Amino acid sequence: MARRPVAWVAAIVLFAEAIGIALLNWFLGLVVDRQDMSLAGLDPRAMSVSAWIAGALFGLYLALCAVVLVRIAVRDRAPAGFGRILLISAAVVHGLLGAFSIGLVGWLAFVFMMVVLGLIVLTLVAYDRKEQEQEEGTGAGAGDASAGPADGGGAPQPV
């Protein structure tokens, strides 16, 4: 299975998404600031600054997820601890954003969110299976080689 390429593609997509989210929120903050828009009496400057802060924080969150994916691809090992929790939270966020984006933005945004969700989940599952197979292979590998003739299955197969 192509674990490394999937992790690389997911990292690239998340980096692009991080930049896109940051730029989108920067643009929305500029629009609110220049139009002097207000929502329920809030100060327009406060709204634009909060849009910029939200864009920066969400962009950094997605960039951190991409860094975790790059580390997974380089090391070819499953994430552990904080990295795994971070990727699971990113998968949940993309699932929720995908569900909300159907009505608010359209089907194309939904498809993009589901592709990113699929890449993250595929990376998590593929590396989890690899680690599980390695644990079973090292623990049961020695037992399987000696158990071949003893269970009446015939002669051992040549390697």
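Residues with a relative accessible area under 20% are called buried here, those over 50% exposed, and those in between partly exposed. Keep that scale in mind for this tour of a predicted model.

**Stop 1: Asp 33 and Arg 45**

Select Asp 33 and show its side chain. With a relative accessible area of 25%, Asp 33 falls between the two cut-offs and is therefore partly exposed. Now add Arg 45, which is partly exposed as well, at 44% relative accessibility. Their side chains form a salt bridge, 3.4 Å from N to O. Colour the helices and you will find Asp 33 in helix α1 and Arg 45 in helix α2, twelve residues apart, so that the pair links distant parts of the chain.

**Stop 2: Arg 4 and Asp 76**

The structure holds two salt bridges, and Arg 4 with Asp 76 make one of them, at 3.9 Å from N to O. Arg 4 belongs to helix α1, residues 3-35, while Asp 76 sits in the loop between α2 (44-75) and α3 (82-104); the pair therefore ties together parts that are 72 residues apart in sequence. Is each partner buried or partly exposed? Arg 4 is partly exposed, at 38% relative accessibility, whereas Asp 76 is buried, at 18%.

**Stop 3: α1 against α2**

Next, hide the side chains and show α1 and α2 as cartoons. Two packed helices are described by the angle between their axes and the distance between the axes. For α1 and α2, the axes come within 8 Å and cross at roughly 170°, which means that α1 is roughly antiparallel to α2. Bring the side chains back and colour them by class: the contact of α1 with α2 has 28 nonpolar, five polar and five charged residues.

**Stop 4: α2 against α3**

Finally, turn to α2 and α3. How far apart are their axes, and at what angle do the helices pack? The axes are 10 Å apart and the angle is about 125°, so α2 is oblique to α3. The crossing of these two helices is left-handed.

To see the contact itself, select Phe 58, Tyr 61, Leu 62, Leu 64, Cys 65, Val 68, Leu 69 and Ile 72 in α2. They meet Phe 82, Gly 83, Leu 86, Leu 87, Ser 89, Ala 90, Val 93, His 94 and Leu 97 in α3. Colour this set by class too, and you should find 14 nonpolar residues, three polar ones and no charged ones.

Methods: Residues are numbered from 1 along each chain as its sequence is written. This is a predicted model: local features need pLDDT of at least 70, side-chain atom pairs count only at pLDDT 80 or more; totals for chains, interfaces and linings use all residues. Side-chain values use heavy atoms; hydrogens and water are left out. A salt bridge is a side-chain nitrogen of Lys or Arg within 4 Å of a carboxyl oxygen of Asp or Glu. Helices (H or I, at least four residues) and strands (E, at least two) are DSSP runs, numbered from the N terminus. Buried means under 20% relative accessible area, exposed over 50%, partly exposed in between (1.4 Å probe, protein chains only). Axes are lines fitted to C-alpha atoms, for helices over the stretch in contact, and angles run from 0 to 180 degrees between N-to-C directions. Angles under 35 degrees count as roughly parallel, over 145 as roughly antiparallel, 65 to 115 as roughly perpendicular and the rest as oblique. A crossing is left-handed if the near helix is turned anticlockwise from the far one by less than a right angle, and right-handed if clockwise. Contact means heavy atoms within 4.5 Å. Ala, Val, Leu, Ile, Met, Phe, Trp, Tyr, Cys and Pro count as nonpolar, Asp, Glu, Lys and Arg as charged, and the others, Gly among them, as polar.
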